[in-house]
Amino acid sequence: MKIDCHMHVNGRKRNWGWDHNDRIIDAADRLGIDKLCCSIPITSGVPTPAQVQECNDDVLECMKRYSGRILGYCFINPGHGEKAIREIERCVVKHGMMGIKLYNQYKCTDPVVYPVVEKAIQLGIPILEHAGYLTDPPQASGQVNLSHAGDFVELSTRYPEAMLIEAHIGGGGDWEWAIKTLRHSPGVYLDTSGSVIDEGMIEMAVRELGAERLVFGTDMTMEGGVGKVMGARIAEKKREAIFWKNMAAILEKRA
């Protein structure tokens, strides 16, 4: 069994490089991925409330079309304040989404994010946030509000009961620094997704954090996402925990 904690689907106006969502399901079938936790975030600029709702409506449509296979994250812009909270209530409470997705509009340590975290704690749902520790100045200048592992540590210290997922350890940047920084923050999970498939990445994460804090994800790199966990030199029980047991336990905590 495999639960992909970090995947995306195509929307009416936003395409992730797949010509149809049926192809995502077909790929999941071929790779043995049972469920995919998906969102449609806006990755540049500051989205309006209407744009956010449109993204979430497209995910809700996929949840209906692929019932039981696609689980939805509610993407929000924390800067929308009370409107963001109402969007979480609409998507999670009314329509059954399983978590919250944040991108790089704000660092996760910005006080504007705190009400979102408090709402997630109330509902017993995880927050998956786009992240990375970028060491290339030109690349970093394009994402000035990108959260890194140190920010997750700070937020988890403030809200130890929150279930925070740092996105794509293989998404670029210094993944070794990220792993070491998260050592003493048990409330922060690390997802294995991303196109970087460096040898030893999964093994180091298991060694430093414990397999119980890793959750399997692909973030569109589906073959590589499965392959890096399949090929890791770890015990089968730990591989099973990463592939589905840890994420299943997170999903079971929903209020």
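What follows is a short dialogue on reading a few features of this predicted model.

Reader: Let's start with the opening strand. How many residues of strand S1 are buried?

Author: Strand S1 spans residues 3-8, and 6 of its 6 residues are buried.

Reader: Which strand does S1 pair with, and in which sense, parallel or antiparallel?

Author: S1 pairs with strand S2, residues 35-39, in the parallel sense, over 4 bridges. If you want a spot to look at, histidine 8 sits opposite serine 39 in S2. Add helix H1, residues 21-31, and you get a β-α-β unit from S1, H1 and S2, and that unit is right-handed.

Reader: Now the cysteines. What is a disulfide, in general?

Author: It's a covalent bond between the sulfur atoms of two cysteines. Searching the whole structure turns up 0 disulfides.

Reader: Why is cysteine 5 not bonded to cysteine 37?

Author: Because the gap is too far for a bond: the sulfur of cysteine 5 is 6.7 Å from that of cysteine 37, the closest cysteine sulfur, and the cut-off for a disulfide is 2.5 Å. Cysteine 108 is in no disulfide either; the nearest cysteine sulfur, that of cysteine 5, is 16 Å away.

Reader: Are those two cysteines, 5 and 108, buried or exposed?

Author: Cysteine 5 is buried, with a relative accessible area of 0%. Cysteine 108 is buried as well, with a relative accessible area of 0%.

Reader: How should I think about the nonpolar core?

Author: In soluble globular proteins, nonpolar side chains tend to be buried together. Here the largest nonpolar core has 72 residues, and the ones with the most contacts inside it are Leu36, Ile70, Ile88, Ile100 and Ile242. A second, separate core has 15 residues, including Tyr73, Met98, Ala167 and Ile250.

Reader: What does leucine 36 touch, leaving aside its neighbours within four places in sequence?

Author: Its contacts are Asp4, Met7, Ile24, Ile25, Ala28, Arg69, Ile70, Leu71 and Met222.

Reader: Last one: how do I read a helix?

Author: An α-helix has 3.6 residues a turn, so residues three or four places apart point the same way. Take helix H8, residues 201-209: it is mostly covered, with 7 of its 9 residues buried. Among the buried ones are Met201, Glu203, Met204 and Leu209.

Reader: Which elements do the buried residues of H8 pack against?

Author: Three helices, H7 (175-181), H9 (222-230) and H10 (236-251), plus strands S7 (188-191) and S8 (214-215). Right after H8 comes glycine 210, with a positive phi near 95°.

Methods. Residues are numbered from 1 along each chain as its sequence is written. This is a predicted model: local features need pLDDT of at least 70, side-chain atom pairs count only at pLDDT 80 or more; totals for chains, interfaces and linings use all residues. Side-chain values use heavy atoms; hydrogens and water are left out. Buried means under 20% relative accessible area, exposed over 50%, partly exposed in between (1.4 Å probe, protein chains only). Helices (H or I, at least four residues) and strands (E, at least two) are DSSP runs, numbered from the N terminus. Contact means heavy atoms within 4.5 Å. Two strands pair if DSSP finds at least two bridges between them. A crossover is right-handed if, with the strands pointing away from the viewer, the path from the first strand over the helix to the second runs clockwise. A nonpolar core is a set of buried Ala, Val, Leu, Ile, Met, Phe, Trp, Tyr and Cys residues joined through side-chain atoms within 4.5 Å.
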